[in-house]
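Welcome, and please open your viewer. We will go from a view of the whole chain to a few selections of side chains, one stop at a time.

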Amino acid sequence: MGQYRYDTKHGPKWMAKFRYTHPETGETKIEYKRGFATKRDAKAFEENFVDELLHTEPEDAKLRRKTFGEVYDEYMASHKREDMKPSTLQTKENIFKRHIFPYFKDVPIRAITDDDVYEWQLKMKAKILPNGKPFSESFLRTIQSQFNSIMNYGNSKGYVKSNPLADIKNMGVKDKRIEFWTTEEYERFAYEAMEYPEVYYCFEVLYWTGMREGEMLALTPNDIDFYSKSISISKTYTVLNGQEYITTPKTQSSVRTVSMPDFLCDELKEYMSQIYDLQPDKRIFRVTKSNLTKVFASCAKKAGVKHIPIHGLRHSHVSLLISKKYDIFEISKRIGHKSIKTTQDTYGHLFTEVQKNIADDLNSMRR
């Protein structure tokens, strides 16, 4: 086979027709193309076709060369990035930059073995922070979860034949510590916080509604219905690299309406009446998270109560509801959990105590 001349109404033309062996499959195929002006053009097409075929890297070889960093970049450029909030994105990027890329960024993803992962785990567990402590068990688990997300993505795209983390025990444990205050402890704290009116009302909303800090900071007058004594939660506030963001809440189930006790309605009315030129769609609480944290720690110390993070006010609210024996379904809806299972997994040990109290109540009834 080679070059062949044929006649057309516009004059003679040339075609190229030749056999070749596909380098990846080993199959023998025939290539056929017409319409060349000269035999030389037809011959050149055949030579270029064969040369390009021989020098084209097999797809499998390309996959073998794809590095972990390249797969990460592809993952982050995919639709998955659109589902991430700015704070989540920054956390993910920091974890990879500091704890995973130094070991795996330029390594072909197919070359990463379970032994490599195990050695990496040992190094993560041995790291010592500036405060002289190692990573917490919950953070170790978070790091591995992020690593696992890229390996799973690579597996779904065919970049790895299997995820090497699948046969490795998870590093760290899920943080199940729930730090909270009793109502008596919170009231002692609140008494000290009254000295700082701008943030006092923030703490009141957090403790008596159980909402997240970002949800509270995103509230506007439009979200508060004093007639029905309720607050609509539909967004969250965060600051990254000096830039403010208002986004949707953590999950779809976080969009909810929570009821307020009368005294909280009165407090919010009082606070909002003091804000000059308050607009319906502008944030009510214009304090920074850093200032909240600073005042929170200071007032807790003055009150002589144990140290908890601000998120502990949310836990304190849930603990209060559980102690009052409210139904777990209603509690889960109020705090915006994705499912009752999430509530049970997080606060299950508190429900155990309630069960004991119920038994004691039943005992007293029979006696």
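## The whole chain

Begin with a cartoon view: the protein chain has 14 helices and 8 strands. Keep in mind as you look around that this is a predicted model.

Now colour by burial. Of the 367 residues in the protein chain, 41% are buried. If you switch on the surface, the accessible area of the protein chain is about 21900 Å², and carbon and sulfur atoms account for 50% of that area.

How much of the contact pattern joins residues at least 24 apart in sequence? Among contacts between residues at least 6 apart, the share is 62%.

## Stop one: a stacked pair

Next, show the aromatic side chains. The model holds 29 aromatic pairs. Select Trp181 and Phe296 and look at their rings: the centres are 5.3 Å apart and the planes meet at 20 degrees, so this pair counts as stacked.

Zoom out a little to see what the pair connects. Trp181 sits in the loop between helix H6 (137-156) and helix H7 (183-193), while Phe296 belongs to helix H11 (residues 289-303). The two are 115 residues apart, and their pairing links distant parts of the chain. Are these two residues buried or exposed? Both Trp181 and Phe296 are buried.

## Stop two: a tilted pair

Move on to Tyr186 and Phe189. Their rings also form an aromatic pair, with 5.9 Å from centre to centre. The planes are 45 degrees apart, and this pair is tilted.

Where do these partners sit relative to each other? Tyr186 and Phe189 are 3 residues apart in helix H7, so about one helical turn separates them. Tyr186 and Phe189 are both buried.

## Stop three: the cluster

Keep those four residues selected and add Phe203, Tyr207, Trp208 and Phe263. Together with Trp181, Tyr186, Phe189 and Phe296, they form one aromatic cluster. Try showing the eight side chains as sticks.

## Last stop: a cavity

Finally, look for enclosed space. The count is 1 cavity of 30 Å³ or more, and the largest cavity holds about 30 Å³. To find it, select the residues that line it: Leu206, Met211, Arg212, Glu213, Ile310, His311, Leu313 and Arg314.

What kinds of residue make up this lining? Colour them by type, and you will find 4 nonpolar, 1 polar and 3 charged residues around the largest cavity.

Definitions and conventions. Residues are numbered from 1 along each chain as its sequence is written. This is a predicted model: local features need pLDDT of at least 70, side-chain atom pairs count only at pLDDT 80 or more; totals for chains, interfaces and linings use all residues. Side-chain values use heavy atoms; hydrogens and water are left out. Helices (H or I, at least four residues) and strands (E, at least two) are DSSP runs, numbered from the N terminus. Buried means under 20% relative accessible area, exposed over 50%, partly exposed in between (1.4 Å probe, protein chains only). Contact means heavy atoms within 4.5 Å. Accessible areas come from the Shrake-Rupley method with a 1.4 Å probe; for residues, only the protein chains shown count as cover. On a 1 Å grid over the protein atoms alone, a cavity is a set of points where a 1.4 Å probe fits but cannot get out, and a pocket is an open set with protein on both sides within 12 Å along at least five of seven lines; lining residues have an atom within 4 Å of a point. Grid points are joined across faces, edges and corners, and a volume is the space filled by probe spheres set on the points. Ala, Val, Leu, Ile, Met, Phe, Trp, Tyr, Cys and Pro count as nonpolar, Asp, Glu, Lys and Arg as charged, and the others, Gly among them, as polar. Rings of Phe, Tyr and Trp (its six-membered ring) pair if their centres lie within 6.5 Å; planes under 30 degrees apart count as stacked, over 60 as edge-to-face and the rest as tilted.
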